[in-house]
Amino acid sequence: MDFTLFAQGLLLGFSIAAPVGPIGILCIRRTLSESRAAGFAAGLGAATADALYGCVAAFGLTIVSELLVRGRAPMAWGGGAFLLWMGWRTIRSRPPELGTAPAAPAARSLLSAWASTFVLTVTNPMTILSFVAVFAGLGLGSSARGPAAAVALVAGVLAGSAAWWFALSGSVSLLRSRVSTQGLAWVNRISGAVLIVFGVVALFVAAGAGGAAGVGTPAAP
């Protein structure tokens with residue numbers, strides 16, 4: 001494996017994951033309300049989606065990339081609606097009673113945490129556009145370096161993104177014992193409200209993308 005390319009992918013994955021957005025809100029909320037494992041599982045969902053789109057960019061899968069770009073409007077609509085649903089569900093969820101050691105999260109709960117953020121990240125059209133733009137700008141595509149280089153890049157992206165979510169969930173978990181049940185209720189309300197705001201913004205973006213997609217080239221006379 002080319003460790004130089006792996007390190008570049010590591011830095012790229014970490015940098016793309018780090019900005020606080022709806023995924024970060026979900027990771028923080030699940031860590032506080034459930035457990036560090038649940039928060040990390042939520043982060044891994046986003047990391048998996050990052051790696052998937054990293055594959056599209058690194059392996060130069062032009063057809064897949066074009067299909068994703070063309071479908072950015074319905075993807076944005078779906079992502080926005082999902083964010084609204086997640087926000088409403090988060091606001092209405094009841095925090096667990098504190099004071100006892102948290103039980104080990106069930107595999108189903110961890111899978112749900114992973115799946116929710118995977119869907120949110122995959123349906124964000126900016127994710128694939130970001131990877132394509134960054135890979136092209138830095139000359140990190142596979143056309144000139146071969147598939148082994150692409151594998152190293154994607155592995156780095158996955159590791160870098162996962163490292164950020166591991167650090168975030170670990171840091172937030174240190175505060176869990178200091179937050180009361182009432183405090184967790186406010187965490188749910190605030191997190192849900194923020195997710196709804198992100199959902200509304202995503203729907204506006206979807207409306208704009210749909211309008212842009214509807215503007216075609218004038219037919220030849």
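Modeller: Buried means under 20% relative accessible area, exposed over 50%, and partly exposed in between, with a 1.4 Å probe and protein chains only. This is a predicted model, where local features need pLDDT of at least 70, side-chain atom pairs count only at pLDDT 80 or more, and totals for chains, interfaces and linings use all residues. Residues are numbered from 1 along each chain as its sequence is written, and side-chain values use heavy atoms, with hydrogens and water left out.

Biologist: Why is Cys27 called buried or exposed, whichever applies?

Modeller: Cys27 has 0% relative accessibility, so Cys27 counts as buried. Cys55, at 26%, therefore counts as partly exposed. Of the 221 residues in the chain, 41% are buried.

Biologist: How many disulfides does the rule give?

Modeller: The rule asks for a pair of cysteine sulfur atoms within 2.5 Å, and the count comes to zero.

Biologist: What makes up the chain, in helices and strands?

Modeller: Helices are DSSP runs of H or I with at least four residues, strands are runs of E with at least two, and both are numbered from the N terminus. The chain has nine helices and zero strands.

Biologist: Why are helix 2 and helix 6 called roughly antiparallel?

Modeller: Helix 2 (residues 22–33) and helix 6 (residues 107–122) pack at about 170°. Angles over 145 degrees count as roughly antiparallel, under 35 as roughly parallel, 65 to 115 as roughly perpendicular and the rest as oblique. The pair is therefore roughly antiparallel.

Biologist: Which residues of helix 2 make the contact with helix 6?

Modeller: Ile23, Leu26 and Arg30 do, where contact means heavy atoms within 4.5 Å.

How values were computed
Axes fitted to C-alpha atoms, helices over the stretch in contact; angles between N-to-C directions.
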